[in-house]
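Colleague: I would like to learn how to read a few features of a model like this one, beginning with charged side chains. Could you take me through them slowly?

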Amino acid sequence: MPRPAKPAQGKYAGFARSVRALRDAAGLSVQTLSDASGVPLSSVYAAESGTRLPTEENLAAMAPALGIEVEAAAEMRRSADHDARLGSPAAADPHTLRTAAELADWLSALRARAGMPTLRTLASVTGTSPSSLSRLFSGHVHLRQDQLTTILEALGATERERDEAVACWRRLQRDRGSRPSSRTLALLYGAATSCAYPGCTVPLIRRDGEHYRVAVELAHIEPGADAAYREHFDNLVLLCPQHHRSHGNASPEDLRAWKAVQATRAREVAHSHDQLLLGIFETFFLRRPTLFVAEPGDGDDHRARRREPARYLQDEVAPSAARMLLGRVLRDWREERGLKQQEVARRLGFSPSKLSRTESGHHEIREQDLHRLLALYKITSLREQQALIDLARIAGQPTWWHPWSAVAQRYLQTVVSFEDLAVRIRSFDVLYLHGLLQTKTYAQALIERGRGTRDTHLQLVDLRSERHTRFTTAKHKKMICVIHEGVLRHPVGTREVMAEQIDHLITLSQDDNRFQIRLAEFDGFDMPIELGATTIFDFEGRVPKIAYAESLDGGLFIQDETMVENREKAFDKLLVRSLKPEATRLKLQQLASDHYT
């Protein structure tokens, strides 16, 4: 049978064009596609001629070679079958659209009218990523107006339809209100309620009916600071838009003074603003919980990608530790071999988005796909291979802490998963003791400070006890902990609770093979305590280290090697300048005697 010159003659012409475009993008001939998928050559020709649809089994076999997920291919087939039975649906009048969901449905109908082009085809035409297009058709309208207009033109919308759709988009943007970044809100919630400029009382937050609106700009105290410090909270000050434009003549000393006054003013009015701040926190921060620190992309396509060297987790579903670590190692191997994501995806028959999600930890990789990646990256060490295979298996297993998943915050579950995998944990405690060091009564007194019912508190105490038990009974695990003296001078619970806790620390410190505990004294000189509460997780093999910094409502997971290394250096200084284990035990006994007897 000759190859069809124009695969758009049958009643499934739109489906045929999509299959042909996917095959061309994958660089396959019809014969190669048939050989790779095991689908008869005649069935492939029929699919590209538009005369009939391939069976579900044949299409599922073709999907990996075409670089798309099986579910996406099945959806293409269902849409093509539906259109052939009922005719292409006419798009609704966009003037009647009021919600993001209605706009998404209308765009889907417009896409069907255009022959159901695939997301990859649309992406190549419009310059918008496939993931952004997928979110758009799912009802998440977060594109710019020019992007939406380009997509509408690619879908063949009339001028009137484009104008009405853009008008709907503008209504939706107004309804959304101002959505500041999580970093801005973290600063705002913790440090300011009004502009820092001297004498300015413009509120940075205000309530407008059911919405909270934020009018705030970030200014860098030291604009020329190195990349690691430039975006640090300590180097940022909040200004209203007017004074942000005119602060250029202020010196770094002036800006620090402004920020100090701003923080004092915020504390003075904190009680009257509690409900307003809480409303903003719940409205924005919980809805947009991830803090991204930008890093240049690796050039896999014409759009620069952004990695996540630091990720602030709060109450969203986070990748499991095993998947995050596995993805990170696979990405490092790929880059070490000088391969791009697009090239790897093409050679293995993956979609680029699948490989990207695997490397970010959001996709659970199958063992057979992992073996193909190991072969492609030429990982010949049996130990390295087995470590990665074990990680993949762990990622697919149920977690032991699942019974507590209903009460434990999701960022805490991620912490527990890192504890479970780590062979060494290094911790600096400045506010309260690390969970693995706490007694049951200390943990209960600390947990009862938070929200929740008594039953919830008791379950969290049980989880903390189970964490300690599993850590102390597991083989080849070690914890090195530097405790600031202030942690033990600041009582949690009662005197009895603190006395028991200090005695527990003394007991733990005598097990040198498991725990190394050191005390950083108040009067110690040149202590880099600005490190803050930090935990560093070390893993076996080439699995990279992860640093974690906990706050009141979430935690910052740091993956960037330079950022982790900076924290390691600060921790090492603390360790050297803290009391040695024997001196620490004597100091602990003294603290218990002086303050809690």
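Modeller: Helices here are DSSP runs of at least four residues, numbered from the N terminus, and please keep in mind throughout that the model is predicted.

Colleague: Where in the helices do Arg-372 and Asp-369 lie?

Modeller: The general idea comes before the case. An α-helix has 3.6 residues a turn, so residues three or four places apart point the same way. In this model, Arg-372 and Asp-369 both belong to helix H19 (residues 367-376), where they are three residues apart, about one turn of the helix. The two form a salt bridge, with their closest N and O atoms 3.7 Å apart. Asp-369 is buried at 1% relative accessibility, whereas Arg-372, at 36%, is partly exposed.

Colleague: Which residues are linked with Arg-372 and Asp-369 in a network of salt bridges?

Modeller: Lys-354 and Arg-366 join Asp-369 and Arg-372 in that network.

Colleague: How many salt bridges does the structure hold, and which parts of the chain does the pair of Arg-23 and Glu-48 link?

Modeller: The structure holds 20 salt bridges. In one of them the side chains of Arg-23 and Glu-48 meet, at 2.4 Å from N to O. This pair links distant parts of the chain, since Arg-23 sits in helix H1 (residues 13-26) and Glu-48 in helix H3 (residues 41-49), 25 residues apart. Arg-23 is buried, with a relative accessible area of 1%, and Glu-48 is buried as well, at 0%.

Colleague: What does the pair of Glu-485 and Lys-587 tie together?

Modeller: Glu-485 and Lys-587 form a salt bridge whose closest N and O atoms are 4.0 Å apart. Glu-485 lies in helix H24 (residues 485-489) and Lys-587 in helix H27 (residues 581-595), so the pair ties together parts of the chain that are 102 residues apart in sequence. Both Glu-485 and Lys-587 are buried.

Colleague: How should I read helix H21, and is it largely enclosed or open?

Modeller: The length can be checked by taking 1.5 Å for each residue, with one less than the number of residues as the multiplier. For the 12 residues of helix H21 (residues 410-421) this gives an expected span of 16 Å, and the end C-alpha atoms are 17 Å apart, which agrees. As for its surroundings, nine of the 12 residues of H21 are buried, so the helix is largely enclosed by the rest of the structure. Among the buried residues are Tyr-411, Leu-412, Val-415, Phe-418 and Glu-419.

Colleague: Why do Cys-195 and Cys-240 not form a bond?

Modeller: A disulfide needs two cysteine sulfur atoms within 2.5 Å. The cysteine sulfur closest to that of Cys-195 is in Cys-240, but at 3.7 Å this is too far for a bond. Cys-195 is buried at 0% relative accessibility, and Cys-240 is buried at 2%. The structure holds zero disulfides.

Colleague: Which residues does Thr-118 touch, apart from those up to four places away in sequence?

Modeller: For a loop residue, it helps to take position, burial and contacts in turn. Thr-118 is found in the loop between helix H6 (100-113) and helix H7 (119-126), and it is buried, at 5% relative accessibility. Its side chain makes a polar contact of 2.8 Å with the side chain of Thr-121. Leaving out residues up to four places away in sequence, Thr-118 touches Ser-18, Leu-22, Met-76 and Arg-111.

Technical notes. Residues numbered from 1 in each chain as written. Predicted model: local features only at pLDDT ≥ 70, side-chain atom pairs only at ≥ 80, totals over all residues. Heavy atoms only, no water. Helix = DSSP H or I, 4+ residues; strand = E, 2+ residues; numbered from the N terminus. Buried < 20%, exposed > 50% of the residue type's maximum accessible area, 1.4 Å probe, protein only. Polar contact = N/O pair within 3.5 Å; in protein donor to acceptor, adjacent residues only side chain to side chain. Contact = heavy atoms within 4.5 Å.
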